[in-house]
Amino acid sequence: MDTPPLHIAMFPWFAMGHLTPYLHLSNKLAKRGNRISFFIPKRTQTKLEQFNHYPHLITFFPINVPHVDGLPHGAETTSDVSFSLGPLIMTAMDRTEKDIELLLIDLNPQIVFFDFTYWLPNMTRRLGIKSFQYLIVNPATISYTTSPPRMRHSGNITEVDLMQPPIGYPVSSIKLHAHEAKFLAWKRNWEFGSGVLFYDRMYNGLCLSDAIGFKGCREIEGPYVEYLEDQFGKPVLLSGPVLPEPPNNVLEEKWAQWLGGFKDGSVVYCALGSEWVLPQDQFQELLLGLELTGLPFLAILKPPIGFETIESALPEGFKERVQGRGIAHSGWIQQQLILEHPSVGCFISHCGAGSLTEGLINKCQIVLLPHIDADHVVNARMMGGNLKVGVEVEKGEEDGLFTKGSVCKAVKIVMDDESEVGREARANHTKVRNLLLSQNLETACVDGFCQKLQDLLR
């Protein structure tokens, strides 16, 4: 039976790492004839317009982001400010509540997708609209950090408690190291906009929304989805892997030429995301570790803390020693096209969800170097310990520091045909890659997702 198309509003957190995946999903939904009203900070709209593949069905509605004391004038998203000012962007987003209500009254969508604006479900309920908390982090992470057993814990939850998964957690191989649990304990007391703690904001949304959603497929995320459905007593839907659309441009000539100078599968590509700024000692250990591999490498990094440029922070003599085979570069790069290049044989990832997906659908082997944030860490354990599709860089248990030796070791393992661990990671990576790229998987997932959204309206 044919169902009429849905009208969905999208209201993601004002960060490029959230706006972009929401738009990728909007494209998948619009491809099936659904209409999307996408709420976006006014000056950020131009950055995303090129990724809107269905402009006749996806309409941007620019939002005026109110000024909050302490923010630079004109700041709209987290990419406009330092990490420490992120909570003020959240406060600004909370202050759009009245404007959002007027927009929803005017547009009257059937469902609103949101992530951090926990106040939205009470508003949509009054307006007769369904609320859908769509999170870009893995369901394994939410199950670990924000499930009822964790959030209803009486008294102070300790770092030792946080090293172990909560009661009923479906996969025993996912645990935190001491330094990761310490960070998570700190983050549980982190105020994230308008005097609300970060995890309370997430948990309230999970409790109040009509349903919860994630990127992914049952074949990989199934156990965590069942756990969350049981814990929250509501539908948990998966939108499919939401694979990035193939790029419609070609690799920049300078990178194509440089990569073309090396044999297939020999280059190590390292990229730690747009927001991770390393201290100088870790920045140098990473580069020295890449040098130590003896392999050609391309490292895309932010200048370390306290430095304006990459060049000013390089280890002594490094540039001369790696001349012709190693590059450390800052700035945006065409990551999808780099990962597809036949010369690239290894990808060192900070374990953000989007980067890992890009790594999994390409043939290069994966080295996991997670950022301290819980979702990156849980992603790394899931990929390295549970699915065994990559090798994680060893870090100090208490201080969380990696060394040039531990970086080199992880790369050598995945690149070595003789290594048993490397062989297992390569075989498992191939299986997951074939699953994600199989012709029917994403189509079936997105079709099923649309049907379940229709079911919510009944």
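1. The sheet. In this predicted model, a good place to begin is an open sheet of six strands, arranged in the order 10-9-8-11-12-13 with parallel pairing. Strand 10 (326-329) and strand 13 (390-392) stand at the edges; each has a single partner strand, so one side of each is left without a neighbour in the sheet. From one strand to the next, the twist averages 15°.

2. One pairing within the sheet. If you would like to follow a pair of strands by eye, try strand 8 (residues 267-271) and strand 9 (residues 297-300), which pair in the parallel sense over four bridges. Which residue of strand 9 is the bridge partner of alanine 271? That partner is isoleucine 300. As general background, strands of a sheet pair through backbone hydrogen bonds, and they do so in either a parallel or an antiparallel way.

3. Helix 13. How does the span of helix 13 (residues 280-293) agree with its 14 residues? At 1.5 Å a residue, the helix should span 20 Å, and its end C-alpha atoms are indeed 20 Å apart. Its buried residues include Phe283, Leu286, Leu287, Leu290 and Glu291. The buried residues of helix 13 pack against strand 8, strand 9, strand 10 and strand 11, as well as helix 14 (318-321) and helix 18 (404-415). Just after helix 13 comes glycine 294, with a positive phi near 75°.

4. Helices 16 and 17. Helix 16 (residues 353-360) has six of its eight residues buried, so this helix is largely enclosed by the rest of the structure. The buried residues are Ser355, Leu356, Thr357, Glu358, Gly359 and Leu360. They pack against helix 15 (335-340), strand 11 (344-349), strand 12, helix 17 and helix 19 (420-437). Helix 17 (residues 374-386), in turn, lies across strand 12 (365-368) and strand 13, and runs at about 120° to strand 13.

5. A long-range aromatic pair. The count of aromatic pairs comes to 30. One of them joins phenylalanine 113 and phenylalanine 449, edge-to-face, at 6.3 Å centre to centre with 85° between the planes. Why does this pair tie together parts that are 336 residues apart in sequence? Phenylalanine 113 lies in strand 4 (residues 111-114), whereas phenylalanine 449 lies in helix 20 (residues 439-456). Phenylalanine 113 counts as buried because its relative accessibility is 0%, against a cut-off of under 20%. Phenylalanine 449 is buried too, with a relative accessible area of 1%.

6. Another pair, and a cluster. Phenylalanine 192 and phenylalanine 198 also form an edge-to-face pair, at 5.2 Å centre to centre and 75° between the planes. Both of these phenylalanines, 192 and 198, are buried. They belong to a cluster linked by ring pairs, whose members are Trp13, Phe83, Phe116, Phe183, Trp186, Trp190, Phe192, Phe198 and Tyr199. Do look for lysine 187 here as well: it lies over the face of phenylalanine 198, at 4.4 Å from the ring centre.

7. Asparagine 27. Is asparagine 27 buried or exposed? With a relative accessible area of 2%, asparagine 27 is buried. Its place is in helix 1 (residues 16-30). Leaving aside residues up to four places away in sequence, asparagine 27 touches Phe51, Asn52, His53, Tyr54 and Ile58. Asparagine 27 and phenylalanine 51 are 24 residues apart in sequence, and 8.6 Å apart in space from C-alpha to C-alpha.

Methods:
Residues are numbered from 1 along each chain as its sequence is written. This is a predicted model: local features need pLDDT of at least 70, side-chain atom pairs count only at pLDDT 80 or more; totals for chains, interfaces and linings use all residues. Side-chain values use heavy atoms; hydrogens and water are left out. Two strands pair if DSSP finds at least two bridges between them. Helices (H or I, at least four residues) and strands (E, at least two) are DSSP runs, numbered from the N terminus. Axes are lines fitted to C-alpha atoms, for helices over the stretch in contact, and angles run from 0 to 180 degrees between N-to-C directions. Contact means heavy atoms within 4.5 Å. Buried means under 20% relative accessible area, exposed over 50%, partly exposed in between (1.4 Å probe, protein chains only). Rings of Phe, Tyr and Trp (its six-membered ring) pair if their centres lie within 6.5 Å; planes under 30 degrees apart count as stacked, over 60 as edge-to-face and the rest as tilted. A charge sits over a ring if NZ of Lys or CZ of Arg is within 6 Å of the ring centre and within 35 degrees of the ring normal. The expected span of a helix is 1.5 Å times one less than its number of residues.
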